[in-house]
Amino acid sequence: MKSKIKIASGQGFWGDLIDAPYHQVIKGDIDYLVMDYLAEVTMSIMQKQKSRNPNLGYAIDLIDLMKRLLPITSKKGIKVITNGGGVNPISCADAILDAAMKLDIGKLDVAVVLGDDIKDCLDDLIKKGCDLNNMETGEPIITVKDKLLSANVYFGAFPIVEALKRGADIVIMGRTTDTGLTLAPMIYEFGWKNTDYDLLAAGTVAGHILECGAQSSGGNFLGDWESIPDMAEIGFPIAEAYPNGEVIITKHENTGGRVTFETVAEQLVYEIGDPKEYITPDCVADFSSIKLEEIGKDRVKVYNVIGKPETEFYKVSCSYHDGFSATGSLTYCWPQALTKAKAADKILRKRLENLGLKFDEIRSEFVGYNATHENLAPQMDEDKINEIVLRFSVRAKDRNTINRFGQEIAPLILTGPPSVTGFAGGRPKPKDVIAYWPALIKKTMVEPKVKILELK
Amino acid sequence: MSKIHLRQIAHGRSGDKGDAANIGIIAYDDEGYKIIEKHLTAERVKKHFEGICFGEVERYEMPNIRALNFILNNALGGGGTVSLKLDAQGKTLAAALLRMEIET
């Protein structure tokens, strides 16, 4: 058994800094690189890409990235774990193997984990008694079934552990908990059991700290953010994990950013509910038990984590199509920038009303004044403000309604208040509105399947 | 009695869970935690966000890291891609809470 392993975070979402994983593998020694690509909206985008081309539906950037990483990771023995397989992990793995073949790196085992995508077997599951009621509203899934774009079960760490046991160098997952990507190598390397709840919770907490990339190493830091060094070359976080569950959060030397009690604490509270009940498929972690201690420059020890047994359910995330939306904006300048923007808003609302268009929602925001903090924004001295952006958004079930709205923005330039600019992007186009359907499913109803694809 | 801005004694981070926003507020020291634990009640936070949050506010304590976590239900205009808000994910709400003035 290894006495410690280093797990490095490479991506916090699909669209994160492209060079971050590369820097993680070249700027110092690590054992594992974990990359989180999936957000809820990502699954529906990938499902759409797959419906147009059956060979797509995964994080396509991953292939170019792996071409750069593989010569280094195979030489250094770094394993890569990612959920970038999206809704088509097999095609993703095939594309990586194709790329690897041209690189002359020798043997490579790529594991894929299947079984999370339940979109095509929903009827069967419903027949077997899975109601998949909406966790928030209690409605049965049948109300949105015809509009469903994706339906995925969140697997945890254990399918990844199985893949590692079977010799995988790279593990390509579909829907997996972000935390499972980091927890899995600890279970595998340290031989933790599925009943070692405190240890599983410790690894889960480490996963939570790593899952949003540089958000724990100085990025998006609301404390003394101006003092964070060299954000241009920010180092992504690394979890140095030990068999007893202690984890040190750090980053490579000679990188920007900072790892302190404060930067880690901000990530700990990010997007959590009841801190005593952080539920994953692997365990229930108690975030109110966690202790943080700065033990050196850019080194924070995370310990004392308490865990409880896992629940009997997996979380399911479904997405469905729920109409269209569009946003247009216009910029008004001094003098009376806000007064002009408000007048334009009124005119636009009147015109839409005259057209008899039916919207589910109309929203106008005044960027530069109160778009983010709304009524908490202080009253402003209009004479001191140079410009205000009117951001006008609508949502409707019918695409034509949204298209018609799109034709009403530009005319305001010649038919409304003066000194207006910022309309260069053309008419606002209808965007698909994707709504979510969170549900639970008994773990016994679905089974993760690990498949190994080899390059010899 | 003196007035302080919450941002003088605490920092934090916010994000989304469906149509609910979560705001974690972390005090810089133990003294600060005593102040937020006492004064930053769910009711105060609900009142502060009366123009933004239209559901219940839940409060959870994390004395281990000197933090309080708030869940603001029905605060993101539908959440996800349904929401028309510029800040559909509630990313700026932690800063909005730090605007609060507290009398100590």
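Trainee: Which domains does the assignment give for chain A?

Mentor: In this predicted model, the domain assignment divides chain A into domain 1, covering 5–116 + 154–311, and domain 2, covering 321–436. The C-alpha centres of domain 1 of chain A and domain 2 of chain A are 39 Å apart.

Trainee: How should I read a sheet, and what is the strand order of the ten-strand sheet in chain A?

Mentor: In general, strands of a sheet pair through backbone hydrogen bonds, and the pairing is either parallel or antiparallel. In chain A, ten strands make an open sheet with the order S11-S12-S8-S7-S1-S2-S3-S6-S4-S19, and its pairing is mixed. Its edge strands are S11 and strand S19 (449–455) of chain A, each of which pairs on one side only. Direction ignored, neighbouring strands of this sheet are turned by 25° against each other on average.

Trainee: How many bridges join S11(A) to strand S12 of chain A?

Mentor: Five bridges join S11(A) to strand S12 (residues 299–303) of chain A, and these two strands run antiparallel. To locate one bridge in the structure, take Gly296(A), whose partner in S12(A) is Arg299(A).

Trainee: Which strands does helix H6 of chain A lie across?

Mentor: Helix H6 (residues 158–165) of chain A lies across strand S3 (79–82), strand S4 (108–114), strand S6 (170–172) and S19 of chain A. Helix H6 of chain A runs at about 155° to S4(A).

Trainee: How do I describe two helices that pack together, and at what angle do H7(A) and H8(A) cross?

Mentor: One may give the approach of the axes, the angle and the residues that meet. The axes of helix H7 (residues 178–190) of chain A and helix H8 (residues 197–210) of chain A come within 7 Å and cross at roughly 130°. H7(A) and H8(A) are therefore oblique to each other, and their crossing is right-handed. Among the residues that meet are Leu183(A) and Met186(A) in H7(A), with Leu200(A) and Ala206(A) in H8(A). By class, this contact has seven nonpolar, seven polar and one charged residues.

Trainee: What are the classes of the residues in the contact of H3(A) with H4(A)?

Mentor: Let us begin with the geometry. The axes of helix H3 (residues 61–76) of chain A and helix H4 (residues 89–101) of chain A come within 9 Å and cross at roughly 40°. H3(A) and H4(A) are therefore oblique to each other, and H3(A) passes H4(A) in a right-handed crossing. Leu62(A), Ile63(A), Met66(A), Lys67(A) and Leu70(A) in H3(A) meet residues of H4(A) including Cys92(A) and Ile96(A). The residues of this contact divide into nine nonpolar, no polar and one charged.

Trainee: What is the strand order of the sheet in chain B?

Mentor: Four strands of chain B form an open sheet in the order S2-S3-S5-S4, with antiparallel pairing. Strand S2 (10–17) and strand S4 (57–62) of chain B each have a single partner strand, so one side of each has no neighbour in the sheet. The twist averages 15° from one strand to the next. Six bridges join strand S3 (residues 20–27) of chain B to strand S5 (residues 67–72) of chain B; in S5(B), Leu72(B) is the bridge partner of Ala21(B). H9(A) packs on this sheet and touches S2, S3 and S5 of chain B. Helix H2 (residues 30–39) of chain B also packs on the sheet, touching S2, S3, S4 and S5 of chain B.

Trainee: How many residues of each chain are in contact with the other?

Mentor: The contact involves 41 residues of chain A and 31 residues of chain B. Helix H2 (40–52) and helix H9 (261–268) of chain A are among the elements that each supply at least two residues of the side of chain A that touches chain B. That side has 18 nonpolar, nine polar and 14 charged residues.

Conventions. Residues are numbered from 1 along each chain as its sequence is written. Chains are lettered from A and ligands numbered from 1 in the order in which they are written. This is a predicted model: local features need pLDDT of at least 70, side-chain atom pairs count only at pLDDT 80 or more; totals for chains, interfaces and linings use all residues. Domain bounds come from an automatic or database domain assignment. Two residues are in contact if their C-beta atoms, placed from the backbone, lie within 7 Å. Ala, Val, Leu, Ile, Met, Phe, Trp, Tyr, Cys and Pro count as nonpolar, Asp, Glu, Lys and Arg as charged, and the others, Gly among them, as polar. Axes are lines fitted to C-alpha atoms, for helices over the stretch in contact, and angles run from 0 to 180 degrees between N-to-C directions. Angles under 35 degrees count as roughly parallel, over 145 as roughly antiparallel, 65 to 115 as roughly perpendicular and the rest as oblique. A crossing is left-handed if the near helix is turned anticlockwise from the far one by less than a right angle, and right-handed if clockwise. Two strands pair if DSSP finds at least two bridges between them.
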